[in-house]
Amino acid sequence: MAAALIATWLSFFIPVSSAQAQTEYLPTQNDFIGKWKITGSAIRPPRDLKGTPTQKQKAVATKFQQTVTTFYEAFDYLEIKADGRYNFHQPGDPASGPCVWCGTWSFKNNSLWLELNTAPRLDIYAKGGDLQMTYTAEPDKASQYKWLVFGWSKAD
C-alpha cells in the first residue's frame, strides 16, 4: 500500500518525454457531445486531503458514493449538447422532453465542466474513450463530493 502511494506521488514529479507528450490525447469540447450512460463509480481521496484517509472517512465516502450512484442510475442517460447545455434524462422521457435536472456547461483546461456548485469535471483520456467525472468543489463542509469518481460510456 505504501509503495503504491509513493509510486503515485513520484509519477507527479517524473518528467514526461516529448514523445510521450505528443501521444497524449487532448480532447476538444466536441468529444463530450452526445449521450452518456453511467458505467461505474469509485471513491478516491481528494488531492488536497492532508494525511492518510482514516477508515471512518473512507466508510462515510463509500456510503455517500453509493447514494450518489443510485441517484445517477435513476437516469436513462446524461446528454451533453453542442449548444452548451446538459440534461440528465429520466427513464421514458422523450428526447425533447422537459428539463428535469439540467444546466449549462463550459469547456476549459481540456475538460468539460458542469455548472454546479460541486464543479463536476468531465475528462476523456483517449479519442473515442469513456468519460470520467470527478468533483472539484465542496458545497459545504459535510460534503463528500471530492471523494467521488464516476465512469460514463457513450450511449449513442
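A residue is called buried when its relative accessible area is under 20%. By that standard, buried residues make up 31% of the 156 residues in this chain. The structure is a predicted model, with three helices and eight strands. This briefing covers the overall fold, the confidence of the prediction, the nonpolar core, one buried helix residue and the salt bridges.

**Overall fold**

- Along the sequence, the helices and strands follow the order α-α-β-α-β-β-β-β-β-β-β.
- Among contacts with a separation of 6 or more, 49% join residues that are 24 or more positions apart.
- The chain exposes about 9700 Å², and carbon and sulfur atoms supply 58% of that area.

**Confidence of the prediction**

- The average pLDDT of the chain is 85, and 83% of the residues score at least 70.
- Residues 5–12 have a pLDDT below 50, and this stretch has zero contacts in the model beyond near neighbours in sequence.
- Predicted coordinates should not be read in detail where pLDDT is low.

**The largest nonpolar core**

- The largest nonpolar core has 21 residues, and those with the most contacts inside it are Tyr72, Phe88, Met133, Phe150 and Trp152.
- Elements that each supply at least two residues of this core include strand 1 (34–43), helix 3, strand 2 (77–80) and strand 3 (85–89).
- Strand 5 (111–114), strand 6 (120–124), strand 7 (131–135) and strand 8 (148–154) likewise each supply at least two core residues.
- Leaving out residues up to four places away in sequence, Phe88 touches Tyr72, Phe75, Tyr77, Leu78, Trp101, Leu114, Met133 and Trp152.

**Ala61, a buried residue of helix 3**

- Ala61 belongs to helix 3, which spans residues 55–73.
- Ala61 counts as buried because its relative accessibility is 0%, and the cut-off for buried is under 20%.
- Beyond its neighbours within four places in sequence, Ala61 is in contact with Ile43, Gln144, Trp147 and Leu148.
- Ala61 and Trp147 are separated by 86 residues in sequence, yet their C-alpha atoms are 6.3 Å apart in space.

**Salt bridges**

- The model contains three salt bridges.
- Asp48 pairs with Lys146, and the closest N and O atoms of the two are 2.5 Å apart.
- This pair links distant parts of the chain, 98 residues apart: Asp48 is in the loop between strand 1 and helix 3, while Lys146 is in the loop between strand 7 and strand 8.
- Asp48 is partly exposed, with a relative accessibility of 48%, and Lys146 is also partly exposed, at 21%.
- Arg85 and Asp83 meet through their side chains in another salt bridge, with an N to O distance of 2.8 Å.
- Both partners are partly exposed: Arg85 has a relative accessible area of 41%, and Asp83 has a relative accessibility of 49%.
- Asp123 forms a salt bridge with Arg121, in which the closest N and O atoms are 3.1 Å apart.
- In this pair, Asp123 counts as buried because its relative accessibility is 8%, whereas Arg121 is partly exposed at 26%.

Conventions:
Residues are numbered from 1 along each chain as its sequence is written. This is a predicted model: local features need pLDDT of at least 70, side-chain atom pairs count only at pLDDT 80 or more; totals for chains, interfaces and linings use all residues. Side-chain values use heavy atoms; hydrogens and water are left out. Helices (H or I, at least four residues) and strands (E, at least two) are DSSP runs, numbered from the N terminus. Buried means under 20% relative accessible area, exposed over 50%, partly exposed in between (1.4 Å probe, protein chains only). Contact means heavy atoms within 4.5 Å. Accessible areas come from the Shrake-Rupley method with a 1.4 Å probe; for residues, only the protein chains shown count as cover. A nonpolar core is a set of buried Ala, Val, Leu, Ile, Met, Phe, Trp, Tyr and Cys residues joined through side-chain atoms within 4.5 Å. pLDDT is the predictor's confidence in each residue, from 0 to 100. A salt bridge is a side-chain nitrogen of Lys or Arg within 4 Å of a carboxyl oxygen of Asp or Glu.
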